[in-house]
Amino acid sequence: MSTIVTSTVEETAQNVAALKLHSAAEENGEPEYRYAHLLPHFSADRYPPLTPFDHVDPGHRALSHPNPRAFLDSATSIDEITPQFGTEVVGVNLAELDGAGRDQLALEVARRGLMAFRDQQDFIDRGPDFYREWGSHFGRLHIHPTSGHPTGYPEIHLVYRDLKKSFNFEYDDAVTPTVWHSDVSYELQPPGLTTFFLLAQPKSGGDTLFTSQVSTLKKLSPQFVAFLRTLKAVHSGFEQADFSRNGRRGGTIRREPVEHVHPVVRRHPVTGEEALYVNRQFTRRIVGLKREESETILKFLYDHIDKSQDNQARIRWRPNTVVLWDNRITAHSAIIDFKESGETRHGARITPQAERPIPALDGLDLSL
Ligand SMILES: [Fe+2]
């Protein structure tokens with residue numbers, strides 16, 4: 001975990017607005033928001049650059065277990081969302097999983113890409129100390145450089161949107177808010193097993209789209225995949241930081257932006273599966289190619305990701321759903337379609353970092 005170098009805590013205008021909103025609700029006799037303690041806070045803390053660390057993937061430990069799916073024994077239903085991608089589970093209380101169960105969960109998510117667990121109020125209500133302990137089992141917790149977090153818990157990444165304010169990306173200048181991405185892929189060691197849940201949600205809308213980057217890659221011809229394996233690309237956090245620097249999304253930058261070079265095709269450290277690892281939000285160019293070549297190949301790959309609904313799954317957020325995905329082999333996009341409802345969407349993400357992406361091509365030089 002990063003050390004916080006300066007810990008001046010200043011309430012931004014957004015924090016003040018959120019607090020006012022809730023005291024106004026109380027004055028009006030409305031019940032206080034159950035998760036008010038998890039509303040976004042944009043501190044003025046400053047963090048040093050992240051440092052490399054050795055990641056030991058918990059899924060490895062489950063490989064030697066006699067039944068790596070034993071954690072699902074109590075399930076009352078296990079449904080495939082699509083044949084290749086995503087599983088929905090009812091009847092397993094994630095909060096009660098022991099270390100071996102969590103290892104098995106990591107392996108199963110690596111195999112299925114995406115898992116949705118219903119009826120997880122116990123998990124959600126255990127609160128931020130539990131979220132931190134939960135995520136730390138899977139890797140060093142990422143602290144987001146710009147997003148809001150609950151006061152005192154910078155490791156918990158929050159998404160928050162209501163009619164009065166937006167603490168996340170705004171898309172008024174695009175025809176669609178759909179932006180496929182893998183979270184913070186600009187980091188040297190981007191996240192692996194990621195946990196996300198909603199604390200408040202609109203009656204309908206605000207679903208999340210996911211796609212399998214394993215399946216995306218498999219649809220391409222062997223000759224083209226062989227070429228892609230030789231490529232590496234720059235992923236950049238500068239535009240996201242500029243978005244904040246321009247006063248939006250809380251307006252804070254707590255760690256200076258970075259960019260890193262990753263293989264275009266990465267290998268999962270536990271399953272050995274290959275996945276496409278470029279995304280429209282953070283990937284900027286393919287190293288070593290002429291600009292037009294890089295733009296053409298990336299545009300083709302992004303278009304392929306966009307339109308291949310046969311690789312995709314869509315999660316409807318019934319209350320108390322906890323979703324986990326393996327950020328190394330999947331991409332996702334928010335669906336922002338509930339503005340007119342005036343309802344609030346408030347979610348929390350627990351984001352352990354994983355290994356530096358392993359090139360599918362052994363020995364690929366990842367220097368710039
Ligand atoms: Fe995301």
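This report describes the fold, the cores, one helix, one sheet and one buried residue of a predicted model.

**Overall fold**

The chain holds nine helices and 16 strands, and buried residues make up 44% of its 368 residues. Among the contacts with a separation of 6 or more, 82% are between residues 24 or more positions apart.

**Nonpolar cores**

In soluble globular proteins, nonpolar side chains tend to be buried together. The largest nonpolar core here has 42 residues, of which Ala106, Val109, Met115, Phe117, Phe197, Val323 and Ala348 touch the most other members. When neighbours within four places in sequence are left aside, Val323 is in contact with Ala116, Phe196, Phe197 and Ile315. A second core, separate from this one, comprises 19 residues and includes Val214, Leu298, Leu301 and Ala360.

**Helix 3**

Helix 3 covers residues 99-112, and its 14 residues should span 20 Å at 1.5 Å a residue, which agrees with the 20 Å between its end C-alpha atoms. Its buried residues are Asp103, Gln104, Leu105, Ala106, Leu107, Glu108, Val109, Ala110 and Arg112, a list that includes charged as well as nonpolar names such as Asp103 and Leu105. The elements against which these buried residues pack are set out below.

| Element packed against helix 3 | Residues |
|---|---|
| Helix 2 | 58-63 |
| Strand 2 | 87-90 |
| Strand 3 | 114-117 |
| Strand 5 | 193-200 |
| Strand 13 | 322-326 |

After helix 3 comes Gly113, with a positive phi near 85°.

**A three-stranded sheet**

Strands of a sheet pair through backbone hydrogen bonds, either parallel or antiparallel. One open sheet of three strands has the order 12-6-14, and its pairing is antiparallel. Strand 12 (312-315) and strand 14 (330-334) stand at the edges with a single partner strand each, so one side of each is left without a neighbour in the sheet. With direction ignored, neighbouring strands of this sheet are turned by 20° against each other on average. Strand 6 (residues 208-212) and strand 14 run antiparallel and are joined by five bridges; Thr211 has Ala331 in strand 14 as its bridge partner.

**Leu276**

Leu276 lies in strand 10, which covers residues 274-276. It counts as buried because 27 C-beta neighbours lie inside 10 Å, where 20 or more are required. Although Leu276 and Val265 are eleven residues apart in sequence, their C-alpha atoms are 4.7 Å apart in space. Apart from neighbours within four places in sequence, the contacts of Leu276 are Gln213, Thr216, Leu217, Val265 and Leu301, and Leu301 is one of the residues in the second core.

Key
Residues are numbered from 1 along each chain as its sequence is written. This is a predicted model: local features need pLDDT of at least 70, side-chain atom pairs count only at pLDDT 80 or more; totals for chains, interfaces and linings use all residues. A nonpolar core is a set of buried Ala, Val, Leu, Ile, Met, Phe, Trp, Tyr and Cys residues joined through C-beta atoms within 7 Å. A residue is buried if 20 or more other C-beta atoms lie within 10 Å of its own, exposed if 12 or fewer, and partly exposed in between; C-beta atoms are placed from the backbone. Two residues are in contact if their C-beta atoms, placed from the backbone, lie within 7 Å. Helices (H or I, at least four residues) and strands (E, at least two) are DSSP runs, numbered from the N terminus. The expected span of a helix is 1.5 Å times one less than its number of residues. Two strands pair if DSSP finds at least two bridges between them. Axes are lines fitted to C-alpha atoms, for helices over the stretch in contact, and angles run from 0 to 180 degrees between N-to-C directions.
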